Amino acid sequence: MHISEINIYPVKSTKGIRLDSAHVERRGLRFDRRWMVVDESGLFISQRDVSKLALISTSVGEAMLTLSAEGRSSLSLPLIPTDNALASARVWEDEVRVCWMGKEADEWLTTFLGIRCRLVYMPDKTMRRVNPDYASPADVVSLADAFPVLLISQASLDDLNSRLSQPVPMNRFRPNIVVSGSKAFEEDSWRRIRLGSLVLRIVKPCSRCVTTTVDQATGVSGKEPLATLAGYRTRNGNVYFGQNAIPENDALIHTNDEIEILA
């Protein structure tokens with residue numbers, strides 16, 4: 001088994017970036033979901049509410065974050081906002097201390113998305129704890145929904161696509177790491193794995209939502225693949241696909257790194 005894809009999503013719920021290698025830190029892959037679009041009250045906005053977020057691309061340079069979308073001029077912003085004053089934002093039930101990225105970013109996003117919104121950044125000093133039901137007190141996470149890393153096997157997607165009239169790409173599920181060479185849903189049984197020099201603790205199946213029904217190329221939503229998944233991947237009222245994981249160490253991972261099952 002080996003890593004076949006590595007992805008980050010710098011601005012939560014926008015288009016992903018596929019990488020050949022990535023630094024994995026305590027809170028997840030470097031730059032993954034460190035920025036977030038929020039409404040005027042500070043509540044996070046995702047593709048669940050605004051599917052057009054899927055049409056925004058990002059790039060991360062040495063000092064700049066760039067937003068781009070068809071029909072709009074690109075906008076480049078300092079990676080670290082010049083105004084470091086902390087404000088409060090909310091991801092589900094978590095209150096998170098963030099920095100505002102500035103008026104220019106807000107205007108760009110508001111114009112493109114058609115709603116009043118702001119762009120915020122999670123600074124290094126903000127430590128958002130992972131749900132203690134699944135983690136140790138030292139485990140932290142970025143602005144992702146709940147966990148630092150999402151892992152899915154290619155075989156699991158192949159199994160799903162064999163049941164669909166129109167196959168869907170892996171980007172519907174927005175994983176950080178894709179594994180090739182396993183059996184379908186073999187990841188459900190893993191508890192600890194080594195990927196190159198990285199050790200991941202597999203802690204919870206990923207409960208899926210309507211974001212999986214949004215075509216990441218067009219921003220148009222439908223019923224699949226969630227409807228089909230619900231027919232064979234439902235437990236306790238939730239539909240599961242992929243596994244949430246927590247890094248046990250900092251490491252650099254690469255595509256084609258071999259994977260070892262530790263437990």
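**Pockets, strands and cores of a predicted model**

By class, the lining of the largest pocket comprises 15 nonpolar, nine polar and 13 charged residues. The model under discussion is a predicted one. The volume of this largest pocket is about 740 Å³. Its lining counts 37 residues, of which Arg48, Trp92, Asp145, Ala146 and Cys206 are the closest to the centre of the pocket. Strand E12 (128-129), strand E14 (149-153) and strand E17 (198-207) each contribute at least two residues to this lining. The greatest contribution to the lining of the largest pocket comes from E17, with four residues.

The second largest pocket has a volume of about 200 Å³. It is lined by Glu5, Asn7, Tyr9, Lys15, Gly16, Ile17, Arg18, Met170, Asn171, Arg174 and Gln216. By class, these lining residues divide into three nonpolar, four polar and four charged. Strands E1 and E2 each supply at least two residues of the lining of the second largest pocket, and their pairing may be considered next.

Strand E1 spans residues 2-8 and is mostly covered, with five of its seven residues buried. In general, the strands of a sheet pair through backbone hydrogen bonds, in a parallel or an antiparallel sense. E1 pairs with strand E15 (residues 177-180) in the antiparallel sense over four bridges. Within that pairing, Glu5 stands opposite Val178 of E15. E1 is also joined to strand E2 (residues 17-19) by three bridges, and these two strands run antiparallel. Here Ile8 stands opposite Ile17 of E2. Glu5 and Ile17, which appear in these pairings, are also among the residues that line the second largest pocket.

An open sheet is formed by three strands in the order E4-E3-E20, with antiparallel pairing. Strand E4 (28-29) and strand E20 (251-254) stand at its edges, each with a single partner strand; therefore one side of each is left without a neighbour in the sheet. E4 pairs with strand E3 (residues 21-25) in the antiparallel sense over two bridges. In this arrangement Val24 stands opposite Leu29 of E4.

The discussion now turns to the nonpolar cores. In the largest of them, which holds 22 residues, Trp35, Val37, Leu67, Leu109, Leu113 and Leu119 touch the most other members. Strand E5 (35-38), strand E7 (64-68), strand E8 (75-78), helix H1 (103-113) and strand E11 (118-121) each supply at least two residues of this core. H1 gives the most to this core, with five residues. When residues up to four places away in sequence are not counted, Leu109 touches Val37, Ile56, Leu67, Gly114, Cys117 and Leu119. Apart from this core lies another, of 21 residues, among them Leu29, Val149, Ile177 and Leu195. Leu29 thus belongs to this other core and stands opposite Val24 in the sheet described above.

A final position to examine is Val141, which lies in strand E13 (residues 140-141). Is Val141 buried or exposed? Its relative accessible area is 0%, so Val141 is buried. Not counting residues up to four places away in sequence, Val141 touches Arg27, Met122, Arg128, Arg129, Val130, Ala146, Phe147 and Pro148. Of these contacts, Ala146 is also one of the residues closest to the centre of the largest pocket. Val141 and Met127 are separated by 14 residues in sequence, while their C-alpha atoms are 7.5 Å apart in space.

How values were computed:
Residues are numbered from 1 along each chain as its sequence is written. This is a predicted model: local features need pLDDT of at least 70, side-chain atom pairs count only at pLDDT 80 or more; totals for chains, interfaces and linings use all residues. Side-chain values use heavy atoms; hydrogens and water are left out. Two strands pair if DSSP finds at least two bridges between them. Buried means under 20% relative accessible area, exposed over 50%, partly exposed in between (1.4 Å probe, protein chains only). On a 1 Å grid over the protein atoms alone, a cavity is a set of points where a 1.4 Å probe fits but cannot get out, and a pocket is an open set with protein on both sides within 12 Å along at least five of seven lines; lining residues have an atom within 4 Å of a point. Grid points are joined across faces, edges and corners, and a volume is the space filled by probe spheres set on the points. Ala, Val, Leu, Ile, Met, Phe, Trp, Tyr, Cys and Pro count as nonpolar, Asp, Glu, Lys and Arg as charged, and the others, Gly among them, as polar. A nonpolar core is a set of buried Ala, Val, Leu, Ile, Met, Phe, Trp, Tyr and Cys residues joined through side-chain atoms within 4.5 Å. Contact means heavy atoms within 4.5 Å.
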